[in-house]
Amino acid sequence: MSFEPSARIETVLSEGRVFKPSSKVQSTSTISGFEKYQQMVDSAKSDPNKFWGDAALKELHWFEPFETVLDWSNPPFARWFDGGKTNVSYNCLDRHVLNGKGEEIAIIWEGEPGDIRRITYKELFMEVCKTANALKQIGIGKGDLVALYMPMIPEAAIAMLACSRIGAPHSVVFGGFSSEALRDRLNDGEAKVVITADGGYRKDKIISLKKAVDSALKNNACPTVNSVLIVQRTKEKISFNPERDYWWHELVPAQSSECSPEYMDSEDRLFVLYTSGSTGKPKGVVHTTAGYNLWAHLTFQWIFDVKKDEIYWCTADVGWITGHSYIVYGPLSNGVTTVMYEGVPRPSNPGAFWEVIQKHKINIFYTAPTAIRAFMKSGRSLPDSYDLSSLRLLGTVGEPINPEAWMWYMEVIGRNNCPVVDTWWQTETGGVMISPLPGAIPTKPGSATLPLPGIEADVVNADGDSVNEQEGGYLVVKRPWPGMMRTVHGDSKRFRESYWEFLKPKDGSYVYFAGDGARRDIDGYFWIMGRVDDVINVSGHRLGTMEIESALVSHASVAEAAVVGRSDEVKGESIVAFVTLEGSNELTDELLKDLKMHVVNEIGVIARPDEIRFTNALPKTRSGKIMRRLLRSLASGEEVKGDTSTLEDKNVLDELRR
Ligand code: WT7
């Protein structure tokens, strides 16, 4: 894996605009002024155990207090808050109800067809208890893995919280994934039950979730799955297997609304969430109870600083980590009103986001650069026609945001009245790591600015030494933090090797390598340059090139495939596949369509190649490794630069150019 600085950064580094927190923002922020931020950084650095220990005692409820803050005696396997007992659903629900917040709204939900539900903390608490009891009734207990394959409906959040209440870790599989992808994840995690819906709405169509579950489970392909719990959402006809299937609306309402929370050890698993790696199958990222809860809670509080009666909306899907940490756990642990929206902007309603902001008077809006770029492209007249004056703070996440998109976001959506926070983090980090604190840190368009207190981020070379200002390098984190992933499910070797042993500092210490390249400017600000390995970031979703290649190669006509990303104005990156065909197969438009469809069926619609090029051979090194660097240049129409001496057959390049 070699480091190739991205062209993206060249324009970014000449960025000279700086926006200081306005006096209004500064005076109304809890973390107010740079000095306050600096104080937090200093105290976290001088005594991390005290810093995290105090935060954990203050921000979470403990049935039994912890004995140690961090146990790092067996790196890279960290243990946080050992000896402590807590429960995430208690922190998200019970304590708010007990503190007199039961009548306040926990979730405002809007469905794609426009149906709306407002759920108070008390109601959410009762629903979660009933669902927890329902899970118990179908044989789920502490430690059993519960898979969720659901649309963006309140029951998704309810199910996650119900799992945490009884100590059953969840594994949420994004509803846009195919049945094959679902089956792999069910088997890898050994799920006992799947919670799903008959269907869900996506862009004015119905996606048949239950049908996908049925085909994932067909022929006993997932032997650990004993039951399927189905929410009725679209009321379409489904096939119902009485030996295995349960209707949510029959099972859940019949339960008692009392269910005492399981006393969980700090390091008990809270969830597994699959994410793409550069090689092989997706990794089941494991997060545990107390550390994750604290990190989602604290980062949400520090960055969004939600005030009483404010409404917060994150546009992600609960199938991604952003949905876990910043739709469900972060906001609810803080007792905030969180908005869930089932829809996305679509031809029948391109202004859907602005309509939701106007209707629900959203104060804090958190979305992805890909969405911002799409809106930019279609012009400002659409957002201009809505009342967005409730907005106070804007956030972005998922991929680097270009300075121009950042400016557009601030000017057109924020009407120059809202700070923009560009938050860098990953599934693996549990919560945000590098981000402006709006009342304390001046922003620069395109930079995620500075690490949060307690996060020791750095940019290093292959030896693990810090690089100079303005130089590119690997983004690393040099000290454990509470929200860090604990392992890869079932593969601790992969966890150790891919995240902690890729870079080996001479002093033998362990540093966490995020897989991203970055630079720091003269102010120490971080500029993220994107992934350095073969992972493509399409619309903020990480896809392993290997997975897509494997899907293509599983098609009968394909001999070999190489997939690369090409930078894309709207999606960040688009997918370009180079394919060689088996023997006598001919390239036809028919086959082209068929291949794209095949990838959709194997992985899901987000992995559909934007372009497929056929070739007689792929460029390879003498050791047989596909030279993706060359393909990347070809895909983006650039001259192939750099060393081609390791190329086995130079003619291949000429053919590809043609
Ligand atoms: C990768 C993580 C974190 C939730 C969404 C994606 C990229 C994420 C930023 C940002 C530049 C970013 C990185 C990272 N990324 N946020 N603000 N600036 N890049 O989670 O699927 O785990 O992907 O997304 O490349 O490694 P994920």
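1. Let's start with the ligand. Sorted by class, the shell around the ligand holds 6 nonpolar, 7 polar and 5 charged residues. That shell comes from a predicted model, so please read everything below with that in mind. In total, 18 residues surround the ligand, and the closest are Asp422, Thr423, Thr427, Asp516 and Arg531.

2. Now for the polar contacts to the ligand. The side chain of Thr427 puts an N or O atom 2.5 Å from an oxygen atom of the ligand. The side chain of Arg542 also has an N or O atom by a ligand oxygen, here at 2.8 Å. With Glu399 the backbone does the job: one of its N or O atoms lies 3.3 Å from a nitrogen atom of the ligand. How much of the ligand does the protein bury? On its own the ligand exposes 560 Å², and the protein buries 96% of that. Two elements give two or more residues to the shell, namely helix H12 (321–333) and strand E25 (526–531).

3. Have a look at strand E19 next, which covers residues 393–396. Leu393 and Gly395 point one way, Leu394 and Thr396 point the other way, and all of them are buried. E19 runs parallel to strand E18 (residues 364–367), joined by 4 bridges, and parallel to strand E20 (residues 420–422), joined by 3 bridges. Leu394 is a handy residue to click on: its bridge partners are Phe365 and, in E20, Val420. E20 also takes you back to the ligand, since the strand spans residues 420–422 and Asp422 is listed among the closest residues to the ligand.

4. There is also an open sheet of 8 strands, in the order E12-E11-E8-E6-E7-E14-E15-E23, with mixed pairing. Which strands sit at the edges? They are strand E12 (245–247) and strand E23 (487–488), each of which pairs on one side only. Further in, strand E8 (residues 193–197) and strand E11 (residues 227–231) pair in the parallel sense over 5 bridges. To find the register by eye, use Ala197, which stands opposite Val231 in E11.

5. Helix H5, residues 88–101, isn't straight: the helix bends by about 30 degrees at Asp94. Asp94 itself is buried, and so are other H5 residues, including Val88, Tyr90, Leu93 and His96. The N-terminal end of H5 is capped by Asn87, with a side-chain oxygen 2.8 Å from the backbone nitrogen of Ser89. Ser89 is another of the buried residues in H5.

6. A few backbone oddities deserve a check. Pro75 and Pro76 are joined by a cis peptide bond, with omega at about 5 degrees. Pro76 belongs to the loop between strand E1 (70–71) and strand E2 (79–80).

7. Two residues other than glycine have positive phi. Phe81 has phi near 60 degrees and sits in the loop between E2 and strand E3 (85–86). For Lys203, phi is near 50 degrees, and its loop lies between strand E9 (200–202) and strand E10 (205–207). Are these two buried or exposed? Phe81 is buried, because its relative accessible area is 0%. Lys203, at 47% relative accessibility, counts as partly exposed.

Note on methods. Residues are numbered from 1 along each chain as its sequence is written. This is a predicted model: local features need pLDDT of at least 70, side-chain atom pairs count only at pLDDT 80 or more; totals for chains, interfaces and linings use all residues. Side-chain values use heavy atoms; hydrogens and water are left out. The bend at a residue is the angle between axes fitted to the seven residues ending there and the seven starting there. Buried means under 20% relative accessible area, exposed over 50%, partly exposed in between (1.4 Å probe, protein chains only). A polar contact is a pair of N or O atoms within 3.5 Å; within protein, one must be able to donate a hydrogen and the other to accept it, and residues adjacent in sequence count only if both atoms are side-chain atoms. A residue is near a molecule or strand if one of its heavy atoms lies within 4 Å of it. Accessible areas come from the Shrake-Rupley method with a 1.4 Å probe; for residues, only the protein chains shown count as cover. Ala, Val, Leu, Ile, Met, Phe, Trp, Tyr, Cys and Pro count as nonpolar, Asp, Glu, Lys and Arg as charged, and the others, Gly among them, as polar. Two strands pair if DSSP finds at least two bridges between them.
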